[in-house]
Amino acid sequence: MSVVAARVHDGKIVVASDSIIMRGSSKRSDLTKLEFINGMIVGGTGAAEELTYMWQYMNTHRPASSAERDILDFVIEFSRWKNEMVGSSVVENDYVMAYQGRLFMISLMYVKEIRDYVAIGAGEDFANAALYLGHTPEEAVKVACDLSCFVSEPIVRYEMKSQL
């Protein structure tokens with residue numbers, strides 16, 4: 001459970017997320033769902049375990065370019081690396097990635113460049129509505145935190161220059 005929201009505007013890409021982690025019916029609010037590693041901003045929703053694998057992978061790997069095909073190749077290679085590490089190649093989480101000034105949404109093995117805004121996760125409906133109404137990604141995540149019991153502050157934010 002989480003929310004990640006991103007927007008391309010004013011020559012930059014801004015990505016924000018909440019910080020909830022849930023185990024059973026308990027929650028903590030100290031797990032970032034968003035990291036800026038090795039030139040990539042990547043936010044993920046889903047299993048915290050897979051997020052930590054992604055952060056580890058990002059430390060030593062990058063896509064060859066910011067073309068959709070190279071982002072897909074990065075995800076495929078991550079799935080192979082994950083399989084070697086833990087015996088499962090399934091990429092279960094959804095991700096938002098900003099790389100080389102372009103923004104992408106990744107769901108399973110589907111990669112789509114985003115030229116305006118996107119939100120993923122349990123709070124995505126609230127966050128997408130806020131983004132649609134012109135709010136910043138941080139404001140969109142705040143709306144989701146206020147209205148969804150599955151997301152929680154603090155809000156984390158990163159940005160990079162956009163190529164659009």
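A salt bridge is a side-chain nitrogen of Lys or Arg within 4 Å of a carboxyl oxygen of Asp or Glu. Arg80 and Glu77 form such a pair, their closest N and O atoms being 2.6 Å apart. The structure, which is a predicted model, holds nine salt bridges. This briefing covers several of these pairs, two buried charged residues, a nonpolar surface patch and a loop residue.

**Salt bridges in helix α2**

- Arg80 and Glu77 are three residues apart in helix α2, which means that about one helical turn separates them.
- Arg80 is partly exposed, with a relative accessible area of 48%, and Glu77 is also partly exposed, at 36%.
- Arg69 forms a salt bridge with Asp73, and the closest N and O atoms of this pair are 3.4 Å apart.
- Arg69 and Asp73 both belong to helix α2, where they lie four residues apart, about one turn of the helix.
- Arg69 is exposed, with a relative accessible area of 56%, whereas Asp73 counts as partly exposed at 27% relative accessibility.

**Salt bridges elsewhere**

- Lys142 pairs with Asp146 in a salt bridge whose closest N and O atoms are 2.8 Å apart.
- Lys142 and Asp146 are four residues apart in helix α4, so about one helical turn lies between them.
- Lys142 counts as partly exposed, its relative accessibility being 32%.
- Arg102, Glu113 and Arg115 are joined into one network by salt bridges that share partners.

**Asp70, a buried acidic residue**

- Asp70 is found in helix α2, which spans residues 68-86.
- Asp70 is buried yet has no salt bridge.
- The nearest side chain of opposite charge to Asp70 is that of Arg69, at 5.9 Å; this separation is not within the 4 Å that a salt bridge requires, and therefore the two residues are not counted as a pair.
- Arg69 has its salt bridge with Asp73.
- Leaving aside residues up to four places away in sequence, Asp70 touches Pro63, Ala64 and Ser65.

**Arg7, a buried basic residue**

- Arg7 is found in strand β1, which covers residues 3-9.
- Arg7 is buried and has no salt bridge, the nearest side chain of opposite charge being that of Asp116, 7.1 Å away.
- The side chain of Arg7 reaches the backbone oxygen of His135 at 3.1 Å.
- Beyond residues up to four places away in sequence, the contacts of Arg7 include Lys12, Ile13, Val14, Leu103 and Asp116.
- Further residues touched by Arg7 include Tyr117, Leu131, Tyr132, Gly134, His135 and Pro137.

**Nonpolar surface patch**

- Met1, Met22 and Phe150 make a nonpolar surface patch of about 260 Å².
- Phe150 is found in the loop between α4 (137-147) and β11 (156-161).
- Phe150 is partly exposed, with a relative accessible area of 34%; because patch residues need over 30% relative accessible area, this value admits Phe150 to the patch.

**Ala64, an exposed loop residue**

- Ala64 is located in the loop between α1 (48-58) and α2.
- Ala64 is exposed, its relative accessible area being 69%, while Asp70, which touches Ala64, is buried.
- The C-alpha atoms of Ala64 and Met109 are separated by 17 Å, the two residues being 45 residues apart along the chain.

Notes. Residues numbered from 1 in each chain as written. Predicted model: local features only at pLDDT ≥ 70, side-chain atom pairs only at ≥ 80, totals over all residues. Heavy atoms only, no water. Helix = DSSP H or I, 4+ residues; strand = E, 2+ residues; numbered from the N terminus. Buried < 20%, exposed > 50% of the residue type's maximum accessible area, 1.4 Å probe, protein only. Lys, Arg positive; Asp, Glu negative; His and termini not counted. Contact = heavy atoms within 4.5 Å. Patch = residues over 30% accessible without salt bridge, like charges linked within 9 Å, V, L, I, M, F, W, Y side chains within 5 Å. Areas by Shrake-Rupley, 256 points an atom, 1.4 Å probe, with all protein chains shown as cover. Polar contact = N/O pair within 3.5 Å; in protein donor to acceptor, adjacent residues only side chain to side chain.
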